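Colleague: Please take a close look at one part of this model, the largest pocket, and then at what surrounds it in the chain. I would like the criteria behind each term spelled out as you go.

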Amino acid sequence: MDTEQRAFDVMSPDCPSRSIMQRMGDKWTPLVFLALESGPRRFSQLRQDIGGVTPKVLTQTLRSLERDGLLTRTIYPEVPPRVEYELTGLGATLLGPLEIMREWSQDHAEKIIRARNDYDELNEA
């Protein structure tokens, strides 16, 4: 490897950091992080907070994030068993950037929707 080249470069097709960036761009991942921002949540609470996510997709998302070390899954020995999900220290480092993305999305949603509508009207022919 060239010493002037960075160890990780998402623009390189073979770089492992690319898959991490893709995970952050997943439809549900940012919403899981924002739902866990206030602390541990149970699966049903996450599903309710996020809205619109199927149990299967939420399970897959949570497993992927747990595998990446971004959240933990704790099973409490109760009847029925209670399971909670919580961000790890590493996962919590993403809250700042995600909050900026959330604010930007909310602040510019009207302009984006208007641009989409204008584009669709021009391209309906």
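Modeller: I will start with the basis of the values, then take the pocket, the chain around it and a few individual residues.

This is a predicted model, in which local features need pLDDT of at least 70 and side-chain atom pairs count only at pLDDT 80 or more, while totals for chains, interfaces and linings use all residues. Residues are numbered from 1 along each chain as its sequence is written, and side-chain values use heavy atoms, with hydrogens and water left out.

The largest pocket (an open set of points on a 1 Å grid over the protein atoms alone, where a 1.4 Å probe fits, with protein on both sides within 12 Å along at least five of seven lines) has a volume of about 180 Å³, a volume being the space filled by probe spheres set on points joined across faces, edges and corners. Its lining, meaning residues with an atom within 4 Å of a point, consists of Lys27, Pro30, Leu31, Leu34, Leu98, Met101, Arg102, Ser105 and Gln106. Two helices (DSSP runs of H or I, at least four residues, numbered from the N terminus), α2 (29-36) and α6 (95-122), each supply at least two of the lining residues, and α6 gives the most, with five. By class, the lining has five nonpolar, two polar and two charged residues, where Ala, Val, Leu, Ile, Met, Phe, Trp, Tyr, Cys and Pro count as nonpolar, Asp, Glu, Lys and Arg as charged, and the others, Gly among them, as polar.

Around this pocket, the chain comprises six helices and three strands (strands being E runs of at least two residues), arranged along the sequence as α-α-β-α-α-β-β-α-α. The chain is more spread out than a compact globule, because its radius of gyration of 18 Å is well over the 14 Å that the globule rule gives for 125 residues (taken over C-alpha atoms, the rule being 2.2 Å times the number of residues to the power 0.38). Along the principal axes, the C-alpha atoms fill a box of roughly 60 × 45 × 25 Å, and 25% of the 125 residues count as buried (under 20% relative accessible area with a 1.4 Å probe, protein chains only; exposed is over 50%, partly exposed in between).

Returning to α2, Thr29 lies in this helix and counts as buried, since its relative accessibility is 1%. Leaving out residues up to four places away in sequence, Thr29 touches Arg23, Met24, Thr61 and Leu65 (contact meaning heavy atoms within 4.5 Å). Thr61, in helix α4 (residues 55-67), is likewise buried at 8% relative accessibility, and beyond four places in sequence its contacts are Asp26, Trp28, Thr29 and Val32.

Helix α4 also holds Pro55, which at a relative accessible area of 38% is partly exposed. Pro55 and Thr29 are 26 residues apart in sequence and 14 Å apart in space, C-alpha to C-alpha, whereas Pro55 is in contact with Phe43 and Arg47, its neighbours within four places set aside.

Gln22, in helix α1 (residues 17-24), is exposed, with a relative accessible area of 53%. One backbone feature also deserves mention: the peptide bond from Val79 to Pro80 is cis, with omega near -5°, and Pro80 is found in the loop between β2 (71-76) and β3 (82-87).
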